[in-house]
Amino acid sequence: MGAGVRRVLGSKWTKLPVFILCLVPLGRLVWRALHHHLTANPIEFITHQTGDWTLIFIVVTLAVTPARKLLRLPELIRFRRMLGLFAFFYGFLHFSTWIGLDKFFDWSEMLHDVRKRPFITAGFTGFTLMIPLALTSTAGWIRRLGGKRWLALHRLIYLTAIAGVVHYYWLVKSDVRKPVFYGALVVLLLLLRIGLWLGSRRPKQAAEVLKPELTTAETG
Ligand code: HEM
């Protein structure tokens with residue numbers, strides 16, 4: 001890839017526009033809320049929008065490592081942590097919409113849904129798995145856990161992605177094209193990851209793999 005693209009991606013100024021871009025889905029929701037454009041069923045609309053964006057950010061986060069290797073753009077790693085945290089952020093909004101606007105903090109009904117409605121169980125599992133990932137995304141936690149354990153923990157993102165896709169697949173009534181599309185993307189990214197891992201000439205030490213991760217976490 002061109003030196004120009006690498007210079008832009010490596011620049012300290014690029015993170016801010018990416019950050020702002022990641023806030024666009026939220027901005028659109030706020031704008032629509034202020035202009036009374038949240039459709040006839042605002043709760044459903046917000047739930048669907050935030051759910052869609054959670055899944056999109058999960059997939060984009062998963063795509064960073066294969067993309068940086070295949071496109072030879074190591075600088076892409078600088079954005080992985082931010083993208084992962086945005087996946088968590090939209091997941092949190094999605095979950096909070098369900099808790100506050102859909103269920104009105106009725107804890108017993110929520111517990112019943114988590115236990116008895118399979119698509120809620122899957123979504124809840126996916127979101128719960130994201131919590132330790134978000135909490136341990138800092139440089140301090142990378143050091144505290146040590147490379148191997150941190151990497152093993154952060155592979156949970158694949159389970160989150162699978163749970164998110166299953167959640168989506170189970171909740172749609174008839175047209176399964178979108179969840180199947182996301183599912184295919186997750187499988188493809190997982191296979192790419194395995195392929196790249198098998199193709200690497202020598203086994204890498206956890207510290208070596210984590211070096212860019214640690215640098216990103218330290219520099220914010
Ligand atoms: C990794 C976590 C999650 C992901 C990726 C995710 C993703 C999605 C997606 C893509 C949709 C459909 C959006 C559309 O139709 O355009 C959705 C809908 C929904 N999600 Fe989630 N979700 C997650 C977690 C949760 C959790 C924790 C809950 C609540 C416990 C939840 C409750 C719902 C509900 C109630 C709907 C709407 C269902 C309907 O319209 O029948 N989700 N979610």
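Select L191 as the point of departure: with a relative accessible area of 53%, this residue is exposed, since the exposed class begins over 50%. The model on display is a predicted one, and each stop below names what to select next.

**The nonpolar patch**

L191 is located in helix α11, which covers residues 177–199. Add V187, I194, W197 and L198 to the selection: together with L191, these residues form a nonpolar patch on the surface. The accessible area of the patch is about 580 Å² in total.

**The whole chain**

Now display the protein chain as a cartoon. How many helices and strands does the protein chain have? There are twelve helices and zero strands. The C-alpha atoms occupy a box of roughly 50 × 35 × 35 Å along the principal axes. For 220 residues, a compact globule would have a radius of gyration near 17 Å, and the 19 Å of the protein chain agrees with that figure. Colouring by accessibility will show the buried share, which is 38% of the 220 residues.

**The iron atom**

Select the ligand and centre the view on its iron atom. Which residues coordinate the iron atom of the ligand? H94 and H167 do so, each through its NE2 atom, at 2.0 Å. The two histidines bring distant parts of the chain together: H94 belongs to helix α5 (residues 80–102) and H167 to helix α10 (residues 156–171), with their positions 73 residues apart in sequence. The arrangement around the iron atom is octahedral because its six donor atoms subtend angles of 87 to 179°. For reference, the ideal angles for six octahedral donors are 90 or 180 degrees. Is H167 buried or exposed? H167 counts as buried, because its relative accessibility is 14% and the limit for that class is under 20%.

**Salt bridges between distant segments**

The next stops concern salt bridges, of which the structure has six. Select E75 and R6, whose closest N and O atoms are 2.9 Å apart in a salt bridge. This pair also links distant parts of the chain, 69 residues apart: E75 is in the loop between α4 (42–70) and α5, whereas R6 is in helix α1 (residues 3–10). E75 counts as buried at 15% relative accessibility, while R6 counts as partly exposed at 34%.

Move then to K178 and D52, a salt bridge in which the closest N and O atoms are 3.8 Å apart. Here helix α11, which holds K178, is linked to helix α4, which holds D52, across 126 residues of sequence. K178 counts as partly exposed, with 42% relative accessibility.

**A network of charged residues**

Select K103, E109, D113 and R117 together; salt bridges link these residues in a network. Within this group, D113 and R117 form a salt bridge whose closest N and O atoms are 3.5 Å apart. The burial of the two partners can be compared in the viewer: D113 is buried, with a relative accessible area of 4%, and R117 is partly exposed, with 36%.

**The last stop**

Finish at K211 in helix α12, which spans residues 206–219. K211 counts as exposed because its relative accessibility is 59%. How far apart are K211 and G147 in space, C-alpha to C-alpha? The distance is 9.3 Å, although K211 and G147 are 64 residues apart in sequence.

How values were computed:
Residues are numbered from 1 along each chain as its sequence is written. This is a predicted model: local features need pLDDT of at least 70, side-chain atom pairs count only at pLDDT 80 or more; totals for chains, interfaces and linings use all residues. Side-chain values use heavy atoms; hydrogens and water are left out. Donors are N, O and S atoms within 2.8 Å of the metal (3.2 Å for Na, K and Ca); water is not among the atoms, so sites may look incomplete. Four donors count as tetrahedral if all angles lie between 85 and 135 degrees; four count as square planar and six as octahedral if opposite donors are over 155 degrees apart and all others between 65 and 115; anything else is irregular. Helices (H or I, at least four residues) and strands (E, at least two) are DSSP runs, numbered from the N terminus. Buried means under 20% relative accessible area, exposed over 50%, partly exposed in between (1.4 Å probe, protein chains only). Patches are made of residues with over 30% relative accessible area and no salt bridge: like charges are joined within 9 Å, nonpolar side chains (Val, Leu, Ile, Met, Phe, Trp, Tyr) within 5 Å. Accessible areas come from the Shrake-Rupley method with a 1.4 Å probe; for residues, only the protein chains shown count as cover. A salt bridge is a side-chain nitrogen of Lys or Arg within 4 Å of a carboxyl oxygen of Asp or Glu. The radius of gyration is taken over C-alpha atoms; the globule rule is 2.2 Å times the number of residues to the power 0.38.
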